[in-house]
Amino acid sequence: MQRLITSVTLRGLSGHRMLKIATIGLGKMGILHSGIMNSLHDCTVVAVADPQPLVRKYFSQCCQNITCYKDYHDLLEREAVDIAVIATPTFLHTEIGRECAKAGVSFLVEKPLGITTEDAWTLLESVRGSKVSSEVGYACVRFGSTFQKGYEILQSSALGNLRKLRASAFVTQVTKPGNGWQFAREKSGGGALNNFASHLIYLLYWYFGRPSNVVCRMDSTFSGDVEDSVNATIHFNGEIPVADLEASWSAPGYPMPQLKVSVKGDKGELTVTDYYVELNLDRADGQHPSGLTRFFRQDLWEGVEFSLGGPEYCREDKHLTDSVRQNRSTIVDVQAGYEVQKIVGAMYESNAMRGPSDIAW
């Protein structure tokens, strides 16, 4: 921990001013982003906030150059920071994001953006009236090497006219009744969909655009107040096919999360996961050979300044710091996060109505 957070790196070589970073929420993702941010050139973590005294005690002992706060309000009031990492429970995301925007602090907020579409809208309104850069935690998918390769193949039209689309998100995480904010709908916004499979919803949104309507059914095997599994049909506009989606955080045999998108066209098939890409073409198209071609994540690896949790997280953080320096939006900003939340909200609405839910854009 101490080596990750207080590591000394060469700074100032690029001539950029030092960006001061604060982390709000010191769970797994807060620690991960703190370690990465503090290892980027011309960035330094100066403060953290977490309500848990044991966490603050540990941090203050091992990271004496970082100021610890109990309340994030005090941090934003007393520290002149450029970027805040919001890695708290879901129900605090938009509240803290609004305070950051008000204070002129750019931010990375972990996914999902909020607990409801209306909740996410409040943050979008705040950001629209400010000059801050924002990024939502779906960016780790956007910067994943296999997902980028899949997007490249889809954009090349190698598959021809798309005929069939299937998508899934599985992990073995919830196998018995649980306690905590994740299992209380008013704090989490939902279970397997909002706090896990929303990554998959973002991936489909990136690949195929805005859908027009959804039909969704959910089931709770272990968690009474939130869903453990999801089955949905998502209708896209234009020539994009209907997507059949399945997701569960209680699926056996998935010790690590896995997103999967399978696309069948009239010229071949494409499968994209976190770990590999498979392209099977009926005939060569000038860019890709005929038959089966596999790209493993290791084959697509490109170096980053500091890899912790995977290079996609470093690219995510670096994209935000570059955007702040250049006074521009990120490619996965609060607007994108809101649109994903809108799709997720329609899926919950469909399940409640037991029928289709249209999505107005």
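**Exercise 1. Salt bridges within a helix**

Task: State how many salt bridges this predicted model holds, and describe the one between Glu-152 and Lys-149.

Solution.
Step 1. The count for the structure is 9 salt bridges.
Step 2. In the pair formed by Glu-152 and Lys-149, the closest N and O atoms are 3.1 Å apart. A salt bridge requires the nitrogen to be within 4 Å of the carboxyl oxygen, so this pair qualifies.
Step 3. Both residues belong to helix H8, and because they are 3 residues apart there, about one helical turn separates them. Helix H8 itself covers residues 145-155.
Step 4. Which of the two partners is buried, and which is partly exposed? Lys-149 has a relative accessibility of 15%, so it counts as buried, the limit being under 20%. Glu-152, at 44%, counts as partly exposed.

**Exercise 2. A further helical pair**

Task: Determine where Lys-318 and Asp-322 lie with respect to one another.

Solution.
Step 1. Lys-318 and Asp-322 form a salt bridge whose closest N and O atoms are 3.1 Å apart.
Step 2. The two residues are 4 residues apart in helix H11, which comprises residues 311-325, and about one helical turn lies between them.
Step 3. With a relative accessible area of 28%, Lys-318 is partly exposed.

**Exercise 3. A salt bridge between separate elements**

Task: Explain which parts of the chain are tied together by Arg-185 and Glu-227.

Solution.
Step 1. The closest N and O atoms of the salt bridge between Arg-185 and Glu-227 are 3.3 Å apart.
Step 2. Arg-185 is located in helix H9 (residues 185-188), whereas Glu-227 is in the loop between strand E8 (211-219) and strand E9 (229-236); the pair therefore ties together parts that are 42 residues apart in sequence.
Step 3. Arg-185 is partly exposed at 32% relative accessibility, while Glu-227 is buried at 2%.

**Exercise 4. The surroundings of Lys-149**

Task: Identify the residues that Lys-149 touches, leaving out those up to four places away in sequence.

Solution.
Step 1. Under this restriction, the residues touched are Val-277, Phe-295 and Leu-300.
Step 2. Sequence separation and spatial separation should be considered together. Lys-149 and Arg-297 are 148 residues apart in sequence, yet their C-alpha atoms are 9.7 Å apart in space.

**Exercise 5. The surroundings of Ser-134**

Task: Establish whether Ser-134 is buried or exposed, and name its contacts.

Solution.
Step 1. Ser-134 is part of strand E6. Its relative accessibility is 4%, so Ser-134 counts as buried.
Step 2. A polar atom of the Ser-134 side chain lies 3.2 Å from the backbone nitrogen of Val-334.
Step 3. Beyond four places in sequence, Ser-134 touches Phe-107, Val-127, Thr-330, Val-332, Asp-333 and Val-334.

**Exercise 6. The two domains**

Task: Describe the interface of domain 1 and domain 2.

Solution.
Step 1. The domain assignment gives domain 1 as 2-137 and domain 2 as 141-310 + 333-358. The contact between them takes 28 residues from domain 1 and 23 residues from domain 2.
Step 2. The centres of the two domains, taken over C-alpha atoms, are separated by 27 Å.
Step 3. Together the domains bury about 2200 Å², of which 66% is on carbon and sulfur atoms.
Step 4. The rule finds 0 salt bridges across this interface, but 10 residue pairs in polar contact.
Step 5. On the side of domain 1 that touches domain 2, helix H2 (28-37), helix H6 (117-128) and strand E6 (134-136) each supply at least two residues. H6 provides the largest share, 7 residues.
Step 6. By class, this side of domain 1 has 16 nonpolar, 9 polar and 3 charged residues.

Terms used:
Residues are numbered from 1 along each chain as its sequence is written. This is a predicted model: local features need pLDDT of at least 70, side-chain atom pairs count only at pLDDT 80 or more; totals for chains, interfaces and linings use all residues. Side-chain values use heavy atoms; hydrogens and water are left out. Domain bounds come from an automatic or database domain assignment. Contact means heavy atoms within 4.5 Å. Buried area is the accessible area (1.4 Å probe) that two parts lose on being put together, summed over both. A salt bridge is a side-chain nitrogen of Lys or Arg within 4 Å of a carboxyl oxygen of Asp or Glu. A polar contact is a pair of N or O atoms within 3.5 Å; within protein, one must be able to donate a hydrogen and the other to accept it, and residues adjacent in sequence count only if both atoms are side-chain atoms. Ala, Val, Leu, Ile, Met, Phe, Trp, Tyr, Cys and Pro count as nonpolar, Asp, Glu, Lys and Arg as charged, and the others, Gly among them, as polar. Buried means under 20% relative accessible area, exposed over 50%, partly exposed in between (1.4 Å probe, protein chains only).
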